[in-house]
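Visitor: I would like a close look at one residue in this protein. Please start with the residue, then work outwards.

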Amino acid sequence: MKNSLGIYYGRPFRAHRLALTVFTVVLVAACSGKPSNETASLTGAMVTEQTKNPLSEAAAVTAGKSLYSVHCIMCHGDDGKGEGIAGGSLAIKPSDLTREDAAVAADGKLFLIVKNGVKKEGKQTMPPARRVTNEQIWQIVAYVHTLAKK
């Protein structure tokens, strides 16, 4: 049916309006809900020291090794013992990532160390990760665990 202005109304219009309303409600609900733990972990939101690595280990370790070579090897060395080329010139020696405390460190704790860096006695001893995504940090964390197992 048309009204006096020539605009259709009636059942087809109501159905379209209902569909649009339902779509809007679903979209708002999807966007306003809390992120899943995996999504939150990948984005870095709500990561605590006890947060588990949300990535599958095998794929993460492979990617993490490449990222470690680019971002960490200069200070921590190829084997992770803290004897990298740049590590020797630092006032405080980089951490030995092969020690047991690194092996048993919770994923979330390592993530936060890489993400935020480390300060000892008020001095920055490890800079925070700047040019890596949170997903890449999780990949580095997966690889660091393998260094401690060697």
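Guide: What follows is a look at one residue, then its helix, then the whole chain. Note that the model is predicted.

The residue is Gln-136. Gln-136 sits in helix α7, which covers residues 134–149. Is Gln-136 buried, partly exposed or exposed? Its relative accessible area is 25%. Buried means under 20%, and exposed means over 50%. Gln-136 is therefore partly exposed.

Next, its surroundings. Set aside the neighbours within four places in sequence, and Gln-136 is in contact with Leu-67 and Arg-131. Phe-111 offers a distance to check on screen. Phe-111 and Gln-136 are 25 residues apart in sequence. Their C-alpha atoms lie 9.9 Å apart in space.

Now the helix itself. α7 has 16 residues. At 1.5 Å a residue, α7 should span 22 Å. The C-alpha atoms at its ends are 23 Å apart, which agrees with that expectation. Of the 16 residues in α7, 13 are buried, so the helix is largely enclosed by the rest of the structure.

Finally, the whole protein. There are seven helices and two strands. Along the sequence, the pattern reads α-α-α-α-α-α-β-β-α. The protein has 150 residues, and 30% of them count as buried. Take the contacts with a separation of 6 or more: 50% of them join residues 24 or more positions apart. The protein exposes about 10,400 Å². Carbon and sulfur atoms supply 59% of that area.

Methods: Residues numbered from 1 in each chain as written. Predicted model: local features only at pLDDT ≥ 70, side-chain atom pairs only at ≥ 80, totals over all residues. Heavy atoms only, no water. Helix = DSSP H or I, 4+ residues; strand = E, 2+ residues; numbered from the N terminus. Buried < 20%, exposed > 50% of the residue type's maximum accessible area, 1.4 Å probe, protein only. Contact = heavy atoms within 4.5 Å. Expected span 1.5 Å × (residues − 1). Areas by Shrake-Rupley, 256 points an atom, 1.4 Å probe, with all protein chains shown as cover.
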